[in-house]
Amino acid sequence: MYTTSAKLTFYIPHANSLKDKRQVCRSLIDKCRQRFNASISEVDTQDFHQTLTVGIAVVSGDAAHAQKSIDEIIRFMEGHTDAELMEIEV
């Protein structure tokens with residue numbers, strides 16, 4: 001069994017409140033959960049309006065498959081939000 005995880009940090013320039021940030025966060029996480037079989041959650045920077053940090057975890061029987069899944073999720077998240085991806089930790 002192999003586990004792979006990543007932490008993504010996004011910048012949301014138009015978020016003027018935590019409500020704006022939460023809307024972007026929920027939309028992004030819901031889209032990913034519908035498309036991928038992975039665990040995704042906001043993990044840090046909860047009190048900052050314009051910074052969103054999301055954690056992703058994938059469990060697989062094959063290390064290459066787990067890494068491929070993480071890479072696909074990262075590309076999907078980058079392309080399906082109006083937030084700017086600033087940092088990736090794998």
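**Exercise 1. Which residues line the largest pocket, and how do they divide into nonpolar, polar and charged?**

Start with the roll call: in this predicted model, the largest pocket is lined by F36, N37, A38, V58, V59, S60, H65, K68, S69, E72 and I73. Next, sort them by type: five are nonpolar, four polar and two charged. Then add the volume, which is about 150 Å³.

**Exercise 2. Work out which element gives the most to that lining.**

Look for elements that supply at least two residues of the lining: strand 3 and helix 2 (63–79) both do. Now pick the top contributor: helix 2, with five residues.

**Exercise 3. Find the strand order in the sheet, and explain why one side of strand 2 and of strand 4 is left without a neighbour.**

Trace across the sheet and you get four strands in the order 2-3-1-4, with antiparallel pairing, and the sheet is open. Strand 2 (39–44) and strand 4 (84–89) sit at the edges with a single partner strand each, so one side of each has no neighbour in the sheet. From one strand to the next, the twist averages 30 degrees.

**Exercise 4. How many bridges join strand 1 to strand 3, and what stands opposite K7?**

Take the pair first: strand 1 (residues 2–11) and strand 3 (residues 51–60) run antiparallel, and 10 bridges join them. Then zoom in on K7, and you'll find G55 of strand 3 opposite.

**Exercise 5. Which strands does helix 1 touch?**

Follow residues 18–35: this helix packs on the sheet and touches strand 1, strand 2 and strand 3. To finish, compare directions: helix 1 makes about 155 degrees with strand 2.

Notes: Residues numbered from 1 in each chain as written. Predicted model: local features only at pLDDT ≥ 70, side-chain atom pairs only at ≥ 80, totals over all residues. Heavy atoms only, no water. Pairing = 2+ DSSP bridges. Axes fitted to C-alpha atoms, helices over the stretch in contact; angles between N-to-C directions. Contact = heavy atoms within 4.5 Å. 1 Å grid on protein atoms, 1.4 Å probe; cavity = no way out; pocket = protein on both sides within 12 Å on 5 of 7 lines; lining within 4 Å. Points joined across faces, edges and corners; volume = space filled by probe spheres on them. Nonpolar A, V, L, I, M, F, W, Y, C, P; charged D, E, K, R; others polar.
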